[in-house]
Amino acid sequence: MKIEIRNLNMIYPNGTHALKDINLEIESGMFGLLGPNGAGKSSLMRILVTLMKPTSGIVLIEGKDIQRYRKEVRSILGYLPQDFRFFTSLRTWEFLDYSASLAGIKNRKERLKEVDRMLDQVGLLEARDRFANRLSGGMKRRLGIAQALIGNPRLIIVDEPTTGLDPDERIRFRNILSTLSQKEDVTIILSTHIVGDISSTCQKMALLNKGEVVFSGRPEELVAEAKGHVFKLCLSTFEYEKAKEEYNIISTLPVETGWEIQFVADTLPDRNAVEIEPNIEHAYVYYMEHKIHADINI
Ligand code: ADP
């Protein structure tokens with residue numbers, strides 16, 4: 001599937017220019033949209049799922065304008081919104097049964113089979129008969145994921161899906177998406193402000209900042225941008241206190257003599273510092289804070 005986003009602008013009635021001339025091409029597989037809060041990710045997602053009309057610009061799916069072919073788009077779509085809510089009076093399986101009918105599965109037997117398959121996939125089979133509103137936060141999130149995936153949609157759009165999940169659940173969720181993205185002709189668009197959501201799973205990605213695409217490409221290409229700009233340095237506790245002000249520290253590890261910090265900088269700032277290979281997290285901070293001088297508040 002090919003999604004073309006062309007010259008997309010979103011200006012809300014209060015004047016906020018949330019998306020500024022966005023141009024992106026998204027193909028089958030997993031696409032990650034990364035950016036700090038307020039970057040415009042949800043606005044873009046809401047336009048892609050046809051819940052909102054852009055102020056200008058166009059989105060084409062397989063050459064078709066999604067505003068004109070809304071029904072078709074919705075029939076291939078599974079969507080997990082950021083503020084996902086559900087009907088509280090339903091049991092877990094009933095809720096999914098309802099989602100399955102919305103996804104167009106008419107045969108009851110087939111629907112129930114699909115419900116159990118999904119419950120199993122997200123690890124909620126044991127909670128099948130519990131009321132959905134009594135599930136834990138993480139379980140509710142998983143139910144949200146299940147309703148997005150039911151009926152085998154070809155286009156899956158998930159907005160900040162790992163927010164509120166504990167680390168185990170986050171990994172489990174990434175694995176579910178990663179498996180799905182390997183299916184032929186399934187496209188997954190995942191928006192997140194958590195860098196770790198991107199690294200392991202996405203073939204392509206874009207960085208969004210203040211409504212603009214500031215990078216698009218493969219995660220490895222972003223990582224390559226940070227080469228030569230990530231360092232480590234061992235410090236005593238006293239030096240470490242000072243360094244906190246001075247360096248853009250990404251991680252701190254206790255070592256025998258004090259602390260080892262990893263940080264990003266434009267050039268080697270201290271002759272005792274040693275250059276290290278960047279990872280995606282380093283790259284994100286380097287790109288946003290040093291290349292485009294954005295404030296990402298990590
Ligand atoms: P993100 O999902 O990356 O956090 P959003 O798309 O939610 O970003 O928001 C982008 C910008 O648009 C923010 O400045 C936000 O305050 C603004 N915004 C979002 N929704 C609305 C709305 N309904 N009306 C006015 N401004 C909005």
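**Close-ups of a predicted model**

**View 1. Helix H6, checked with a ruler.** In this predicted model, helix H6 covers residues 167-181, which makes 15 residues. At 1.5 Å a residue they should span 21 Å, and the C-alpha atoms at the two ends are indeed 21 Å apart, so expectation and model agree.

**View 2. The buried residues of H6 and what they pack against.** Look along H6 and you'll find Glu-169, Phe-173, Arg-174, Ile-176, Leu-177, Ser-178, Leu-180 and Ser-181 buried. The buried residues of this helix pack against quite a list of elements: strands S3 (29-34), S7 (155-159) and S8, plus helices H4 (108-121), H5 (137-149) and H7 (195-199).

**View 3. Ser-191, a residue in strand S8.** Strand S8 runs over residues 187-192, and Ser-191 is part of it. Is Ser-191 buried or exposed? With a relative accessible area of 0%, which is under the 20% cut-off, Ser-191 counts as buried. Leaving aside residues up to four places away in sequence, Ser-191 touches Leu-33, Lys-41, Met-45, Val-158, Asp-159, Glu-160 and Pro-161.

**View 4. An open sheet with a helix on it.** Here four strands line up as S2-S1-S4-S5, with antiparallel pairing. Strands S2 (17-26) and S5 (64-65) sit at the edges with a single partner strand each, so one side of each has no neighbour in the sheet. Helix H1 (residues 41-48) packs on this sheet and touches S1, S2 and S4, its direction making about 120° with that of S1.

**View 5. Where S1 meets S4.** Strand S1 (residues 3-11) and strand S4 (residues 56-61) run antiparallel and are joined by five bridges. Try finding Arg-6: its bridge partner in S4 is Ile-58.

Notes:
Residues are numbered from 1 along each chain as its sequence is written. This is a predicted model: local features need pLDDT of at least 70, side-chain atom pairs count only at pLDDT 80 or more; totals for chains, interfaces and linings use all residues. Side-chain values use heavy atoms; hydrogens and water are left out. Two strands pair if DSSP finds at least two bridges between them. Contact means heavy atoms within 4.5 Å. Axes are lines fitted to C-alpha atoms, for helices over the stretch in contact, and angles run from 0 to 180 degrees between N-to-C directions. Buried means under 20% relative accessible area, exposed over 50%, partly exposed in between (1.4 Å probe, protein chains only). The expected span of a helix is 1.5 Å times one less than its number of residues.
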